[in-house]
Amino acid sequence: MLSFLTRRLIVALLVAATVMTLAFVLTRLSGDLATSIAGANATQADIEAIRKAYGLDRPVLTQFFDWVGRALTGDLGNSYFFQTRVSTLIAERMPVTLTLGITGLLIALFVSIPLGILAAVREGTGFDRAVQMVALLGQAMPSFWLGLLLMITFGLQLGWLPISGTGSWENFVMPGVVLAFSAIPALTRLTRAGMIQAMGSDYIRTARAKGLSRASILLKHALRNAAIPVVAIAAVQLGFMLGGSIVIEQVFALHGVGFLAWESIAKNDFPVVQAVVLVLAVIYVALTMVADLMNAVLDPRLRV
Amino acid sequence: MSAVATVNAGPRRGWKSVSTWIGAVIVGAAMICAIAAPLLVPHDPFAQDLAKRLQVPFWMAGTDPAHLLGTDQLGRDYLSRLIWGCRISMLIGVTVTVVSGLIGITIGVLGGFFGGRIDDAVLFAITTRLSIPVVLVALAVVGLLGTSMTLLVLTLGLLLWDRFAVVARSTTMQVRNLDFVAAAWCAGCSRFRVLSREVLPNIASHLVVVATLEIALAILLEATLSFLGLGVPPPLPSWGLMIAEAKDYMFFSPWVIVIPGVALFTLVLGINLLGDGLRDLFGARTDT
């Protein structure tokens, strides 16, 4: 178990280091940062001043190691536009994105686990095919478009929910549903496949032979085993959702981390962009590690 | 049939299934629209006519028969822009998949074939790639380097190779140990020959299925980036861009976003249906 842990941790750290390098390279792709920051009307003297002020006149490797060194202590630099620390900016915006991501994941689990179980129990029936069809439809639905349609229907025509803002829980209903749509197909399919596999196994036959009730067999015996990959994927999906929430935050004007990233890209605010990429990647790496650990705890066979 | 086929139970699979045919018809129609767009458009998709802004489509009262699907906020014919948008979606979907396929298949086959250290490096590359938020990085690259079709295709291609690599790797590993590959080794074939003549043809069907699903994903992502203003540059009529441009008018004329959205949804659904049908037909595995 311990060697499993260390190995996972080493890989996670290596991935984080690679992403860090990529995030740095990414923002240097456009060539001269000082020129882009200064804007189209800047004079040569302005550009030189900016280059000095932001330390861009130093060798690239020095800049890189400086950034890495500071990032390791939690200092992600200063935003060019907001004139505050990037870490503060991200910390301010993170609650909105996390609320959105967790709302989306909970809605997705709430829909896909029952659907997956019912589809597995009625494998091959019309209901099963209908569930698989719903999963396909969900996969093809562009999230930003679904968001706009919900806004027109529930926001404007029915007037049930607010269209934008982050004031109350009602603001997170529509964005949460839209975000959930992106995870529902995968989670439903996985629950269905896991349940079908579990229901065909020997221990279920034993449970049946013992005369256990159908509900007990389904929920206590089959679901517990089918849940292992679902739990793991759910954690990974949360990581994807935090990355994908940039679109939904923009549609619903939720001022989360995704919105911050979008604004910063538009304003050439490089320290913010590279920090958001890094933070989201680290969260994803941490979540996949949690998923692996949960897998190992729930299923001792995986601890090699 | 491929060497790593799994048996499919069930009555209606592959070409016997209605949904595969629906998918094939949608994809076929989209391909015709994409290739013959210049011949099919009733009007110039770029021609503005400010006197005829936001004309309603055919199912609403007061429609202009010259513009079946109405006009947009600049008076451009919506049907023509929709057809041209299909060309752009298909073009980007296919080219992105070619780029990502080349990268992913190369990486995956190498890892699966050679194993050991090389495979460790491949697995690491896949893990790293999965931890990178695709939409954000694509937005950042396009935002920093400027919007252009070529840049968009390269960026998405460099980001979307993960599923190709995963499937190519796992199927290569299975094929590698089969008897006919051992026979080829014994016959004195070179590594390159074993790879290109024995392994690749036997994993090709799986890769075709992945390619279909990846085209759908690339089309969705292109629409998303264009919607956020950092994809296909205006005035090109990308469906995502059409939705973004029409967004300000959607509360008064919902059809302006409904039409391109339905087109996008239908095309992606059609490609996925066809992909699922092909998977059942080949007995391929695409689980990642």
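# Working through a helical two-chain model

Going from the N terminus, chain B reads α-α-α-α-α-α-α-α-α-α. Keep in mind that this is a predicted model. Grab the structure and try these.

**Exercise 1. Work out how many helices and strands chain B has, and how much of the chain is buried.**

Solution. Start with the element count: chain B has 10 helices and zero strands. Next, get a feel for the dimensions: along the principal axes, the C-alpha atoms take up a box of roughly 75 × 50 × 30 Å. Then turn to burial, where 53% of the 288 residues in chain B come out as buried. Finally, look at who touches whom: taking contacts in chain B between residues at least 6 apart in sequence, 75% link residues at least 24 apart.

**Exercise 2. Find out whether helix α1 of chain B is straight or bent, and what its buried residues pack against.**

Solution. First, the ruler check. Helix α1 of chain B covers residues 18-40, and a straight helix of 23 residues would span 33 Å at 1.5 Å a residue. The end C-alpha atoms of α1(B) span only 28 Å. Now look for a bend: α1(B) has a kink of about 55° at B:Ala34, shortly before the proline B:Pro38. B:Ala34 also appears among the buried residues of α1(B), alongside B:Thr20, B:Gly23, B:Ile26, B:Val27, B:Ala30 and B:Ala37. Last step: those buried residues pack against α2 (78-114) and α10 (255-282) of chain B.

**Exercise 3. Run the same kind of check on helix α5 of chain A: what span should its 36 residues have?**

Solution. Helix α5 of chain A takes in residues 86-121, and at 1.5 Å a residue it should span 52 Å. Its end C-alpha atoms are 50 Å apart, so the two values agree. Don't stop there, though: α5(A) has a kink of about 40° at A:Met94, shortly before the proline A:Pro95.

**Exercise 4. Track down which residues of the largest nonpolar core touch the most other members.**

Solution. The largest nonpolar core has 131 residues, and those touching the most other members are A:Ile90, A:Phe144, A:Val276 and B:Ile257. Helix α10(B) gives this core its largest share, 14 residues. A separate core of 15 residues lies apart from it, with B:Val109, B:Phe113, B:Phe164 and B:Ala211 among its members. Now zoom in on A:Ile90. Skipping neighbours within four places in sequence, A:Ile90 contacts A:Leu76, A:Val257, A:Leu260, A:Ala275, A:Val276 and A:Val279.

**Exercise 5. Decide whether B:Asn272 is buried or exposed, and list what it touches.**

Solution. Locate B:Asn272 in helix α10 of chain B. Its relative accessibility is 4%, so B:Asn272 counts as buried. Leaving out residues up to four places away in sequence, B:Asn272 touches A:Leu136, A:Gln139 and A:Ala140 in chain A, plus B:Leu213 and B:Ala216 in chain B.

For contrast, try A:Ala49, which sits in helix α3 (residues 44-53) of chain A. A:Ala49 has a relative accessible area of 47%, so it is partly exposed.

**Exercise 6. Hunt for the aromatic groupings: which residues form a cluster, and which arginines sit over rings?**

Solution. Searching the whole structure turns up 10 aromatic pairs over all chains. One aromatic cluster is made of A:Phe24, A:Phe64, A:Phe65 and A:Trp67. Then check the arginines. A:Arg122 lies over the face of A:Phe127, 5.4 Å from the ring centre. In chain B, the charged end of B:Arg87 is over the ring of B:Trp84, at 5.3 Å from its centre.

Definitions and conventions:
Residues are numbered from 1 along each chain as its sequence is written. Chains are lettered from A and ligands numbered from 1 in the order in which they are written. This is a predicted model: local features need pLDDT of at least 70, side-chain atom pairs count only at pLDDT 80 or more; totals for chains, interfaces and linings use all residues. Side-chain values use heavy atoms; hydrogens and water are left out. Rings of Phe, Tyr and Trp (its six-membered ring) pair if their centres lie within 6.5 Å; planes under 30 degrees apart count as stacked, over 60 as edge-to-face and the rest as tilted. A charge sits over a ring if NZ of Lys or CZ of Arg is within 6 Å of the ring centre and within 35 degrees of the ring normal. Helices (H or I, at least four residues) and strands (E, at least two) are DSSP runs, numbered from the N terminus. The expected span of a helix is 1.5 Å times one less than its number of residues. The bend at a residue is the angle between axes fitted to the seven residues ending there and the seven starting there. Buried means under 20% relative accessible area, exposed over 50%, partly exposed in between (1.4 Å probe, protein chains only). Contact means heavy atoms within 4.5 Å. A nonpolar core is a set of buried Ala, Val, Leu, Ile, Met, Phe, Trp, Tyr and Cys residues joined through side-chain atoms within 4.5 Å.
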